[in-house]
Amino acid sequence: MSPYYKYKKEKFFEKYKSASETLDDLKSALYKYRKDNDKIIRRAIFAFFQDFCEYVIDMCESYIVINKDKIDSRTSSLQLIEKAYELNFFDETLKNYLYNCVKLRNRYTHDYYKRELSEKQIEGFCYSNIIYLDIFLENSKDDVVLKYRNTNC
């Protein structure tokens, strides 16, 4: 294994750890906000949501590079998710889930004139989906796969 590959793989696991911790922080903020409707906690929800999406995008990008595939600077975040899916980083259900997360994040970030609507959509998505999501990596000798568990079942 080349030193570069090993470095990229280590960075990949760091990104996963950050994504998992951020997801836990997001869930904690969702529970706290449900309990006391604090506006600072509400802002934290959107910050954690955006951070989670960024870590997912970074993981997809790293996964693509680790698997010796090419990307360029014009590759969109949604294309990165699609490409990682094609390389078997996660199944189609998780792909669609992550795709929806990033679409909501993009709308929230870029459509300032629709900020209120975006916030409501993110809140709804978080309370109906994210709050029940657990992600974990399955690691074999040859592959790393992002898996999920829906704790609402």
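**Exercise 1. Which pattern does the chain follow, read along the sequence?**

*Solution.* The model is predicted: local features need pLDDT of at least 70, side-chain atom pairs count only at pLDDT 80 or more, and totals for chains, interfaces and linings use all residues. Residues are numbered from 1 along each chain as its sequence is written, and side-chain values use heavy atoms, with hydrogens and water left out.

Step 1. Identify the elements as DSSP runs, numbered from the N terminus: helices are H or I runs of at least four residues, and strands are E runs of at least two. The chain has 5 helices and 2 strands.

Step 2. Place these elements in sequence order. The resulting pattern is α-α-α-α-α-β-β.

Step 3. Compare the radius of gyration, taken over C-alpha atoms, with the globule rule, 2.2 Å times the number of residues to the power 0.38. The chain has a radius of gyration of 16 Å, close to the 15 Å that the rule gives for 153 residues, so the chain is as compact as a globular protein of that length.

**Exercise 2. Determine whether the span of helix H5 agrees with its number of residues.**

*Solution.* Step 1. The expected span of a helix is 1.5 Å times one less than its number of residues.

Step 2. Helix H5 covers residues 115-128, and its 14 residues should span 20 Å; the end C-alpha atoms are 20 Å apart, which agrees.

Step 3. Apply the burial classes: buried means under 20% relative accessible area, exposed over 50%, and partly exposed in between, with a 1.4 Å probe and protein chains only. The buried residues of H5 are Ser118, Glu119, Ile122, Glu123, Phe125, Cys126 and Tyr127.

**Exercise 3. Describe the surroundings of Ser118 and Ser77.**

*Solution.* Step 1. Ser118 belongs to helix H5. With a relative accessible area of 0%, Ser118 is buried.

Step 2. Contact means heavy atoms within 4.5 Å. Apart from neighbours within four places in sequence, Ser118 has contacts with Arg107 and Tyr108.

Step 3. Ser77 is situated in helix H3, residues 77-86. Its relative accessibility of 14% means that Ser77 counts as buried. When residues up to four places away in sequence are not counted, Ser77 touches Ile57, Val102, Arg105 and Asn106.

**Exercise 4. What are the phi values of Asn37 and Asn88, and where do these residues lie?**

*Solution.* Step 1. Asn37 has a phi near 50°, a positive value in a residue other than glycine. This residue lies in the loop between H1 and helix H2 (39-66), and Asn37 is exposed, at 55% relative accessible area.

Step 2. For Asn88, phi is near 70°, again a positive value in a residue other than glycine. Asn88 lies in the loop between H3 and helix H4 (92-110). With a relative accessible area of 56%, Asn88 is exposed.

**Exercise 5. How many residues apart in sequence are Tyr31 and Ile131, and how far apart are they in space?**

*Solution.* Step 1. Tyr31 lies in helix H1, residues 3-36. Tyr31 is partly exposed, at 46% relative accessible area.

Step 2. Between Tyr31 and Ile131 there is a separation of 100 residues in sequence, and of 8.6 Å in space, C-alpha to C-alpha.

Step 3. Turn to the contacts in the chain between residues at least 6 apart in sequence: 61% of them join residues at least 24 apart.
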